[in-house]
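Welcome, and thank you for taking a look at this structure. Here is a short briefing to help you find your way around.

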Amino acid sequence: MADRVHPRDSPFHTETTPLSLSRPSPPDSEKPVPPPGTYVIQIPKDQVYRVPPPENASRYQSYTHRKPRRSSCHCCCCWFLGLLAAIVFLSAAAAGIFYLVVRPEAPNYSVESIAFKGFNLTTTSSPPSAISPEIHVTVRAQNPNKKIGIYYERESSVKLFYSDIKLCDGVLPAFYQPSENVTEFRTALTGSGIELTSAVQKGLVDAQKQGKVPLELDLRAPVRIKVGPIKTWTITVKVACHLTVNKLTADANIVSRDCDYSVDPW
């Protein structure tokens with residue numbers, strides 16, 4: 001009888017063990033291994049770009065699409081404003097120094113006398129006849145300044161009104177008025193063919209009877225101011241005088257006078 005042969009013990013385990021695809025857990029000192037089916041890609045840090053979350057995407061787009069500021073225009077505006085501020089400051093300083101050194105004062109003007117010719121208001125013809133008056137006015141100009149002279153130039157005008165009706169006009173003589181000087185000049189005003197309505201003529205007659213005829217004298221003169229060797233540009237002196245005379249004759253007297261003075265620098 002043949003001996004029964006028994007196989008030798010296999011060096012492998014006789015029991016079947018399932019094959020595991022997972023790697024053994026690394027020790028605590030090593031980096032964790034990602035789960036199966038996951039890949040880890042290493043990219044340099046300087047090549048990583050941040051992407052905003054969805055809730056900030058619109059804000060990100062608004063910032064990225066914003067137009068760059070024009071720094072050159074901003075600099076020009078700052079330079080212009082700085083220059084303007086410097087000019088204003090220097091002008092104010094120069095005006096303050098000029099005032100402290102020169103101490104300018106406004107000239108004074110007044111009407112000293114007035115004489116009338118050609119006012120024939122006794123006729124009662126209807127309609128009233130036209131008049132051609134001639135009026136001689138004496139104006140007093142005082143320059144109280146110690147260091148300022150005044151050049152009165154040509155192209156001046158003097159007008160006399162009654163109730164907004166121009167009766168006559170004329171011009172002033174051209175002359176130079178030195179500092180601390182008082183000058184009186186006489187000028188002739190004429191009118192031609194002035195037609196007055198019945199109401200205006202009656203008003204003048206009644207005013208003469210009362211001894212109070214209201215008139216208005218308008219004077220405008222181009223002048224140049226002289227400070228030392230320096231002369232300014234031409235400015236316009238405006239004088240408005242409200243007069244009241246007792247009658248419209250050669251020996252008329254001024255009952256009241258009030259003159260206002262202003263300057264047009266341009």
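**The core and the overall picture**

The largest nonpolar core has 44 residues, and those that touch the most other members are Ile114, Phe116, Ile135, Leu160, Leu215, Leu217 and Leu248. Strand S8 (residues 213–227) gives this core its largest share, 7 residues. Please keep in mind that this is a predicted model.

**Around Leu217**

- A good place to start exploring is Leu217, one of the core residues that touch the most other members.
- Leaving aside neighbours within four places in sequence, Leu217 is in contact with Val111, Val137, Val158, Lys159, Leu160, Leu189, Val239, Ala240, Cys241 and Leu243.
- One of these partners, Leu160, is itself among the core residues with the most contacts to other members.

**The chain as a whole**

- The chain holds 3 helices and 11 strands.
- Following the sequence from start to end, you meet the pattern α-α-β-β-β-β-β-β-β-α-β-β-β-β.
- How much of the chain is buried? Of its 266 residues, 24% are buried.
- The exposed area of the chain comes to about 20,200 Å², and 56% of that is supplied by carbon and sulfur atoms.
- If you take the contacts between residues at least 6 apart in sequence, 68% of them join residues at least 24 apart.

**The disulfide and other cysteines**

- How many disulfides does a search of the whole structure find? The search finds 1.
- That link is formed by Cys241 and Cys259, whose sulfur atoms are 2.0 Å apart.
- Cys241 sits in strand S10 (residues 235–245) and Cys259 in strand S11 (residues 254–264), so the disulfide ties together parts that are 18 residues apart in sequence.
- The link of Cys241 and Cys259 is right-handed, with 110 degrees about the S-S bond.
- Is Cys241 buried or exposed? Cys241 has a relative accessible area of 3%, so this residue counts as buried, the cut-off being under 20%.
- Cys241 also appears among the contacts of Leu217.
- Two other cysteines can be set side by side: Cys168 is buried, with a relative accessible area of 1%, whereas Cys77 is partly exposed at 43% relative accessibility.

**A nonpolar patch on the surface**

- Which residues form a nonpolar patch on the surface? They are Trp79, Phe80, Leu81, Leu83, Leu84, Ile87 and Val88.
- Together, these patch residues have about 740 Å² of accessible area.
- Val88, one of the patch residues, lies in helix H2 (residues 71–102).
- Val88 has 51% relative accessibility, so this residue counts as exposed, for which the cut-off is over 50%.

**Two loop residues with positive phi**

- Glu155 is a residue other than glycine with a positive phi, near 70 degrees.
- Where does Glu155 lie? You will find Glu155 in the loop between strand S3 (148–152) and strand S4 (157–162).
- Glu155 is exposed, with a relative accessible area of 79%.
- Ser163 is not a glycine either, yet has a positive phi of about 50 degrees.
- The loop between S4 and strand S5 (165–170) holds Ser163.
- With a relative accessible area of 55%, Ser163 is exposed.

Technical notes:
Residues numbered from 1 in each chain as written. Predicted model: local features only at pLDDT ≥ 70, side-chain atom pairs only at ≥ 80, totals over all residues. Heavy atoms only, no water. Disulfide = S-S within 2.5 Å. Helix = DSSP H or I, 4+ residues; strand = E, 2+ residues; numbered from the N terminus. Buried < 20%, exposed > 50% of the residue type's maximum accessible area, 1.4 Å probe, protein only. Core = buried A, V, L, I, M, F, W, Y, C linked by side-chain atoms within 4.5 Å. Contact = heavy atoms within 4.5 Å. Patch = residues over 30% accessible without salt bridge, like charges linked within 9 Å, V, L, I, M, F, W, Y side chains within 5 Å. Areas by Shrake-Rupley, 256 points an atom, 1.4 Å probe, with all protein chains shown as cover. Salt bridge = Lys/Arg side-chain N within 4 Å of Asp/Glu carboxyl O.
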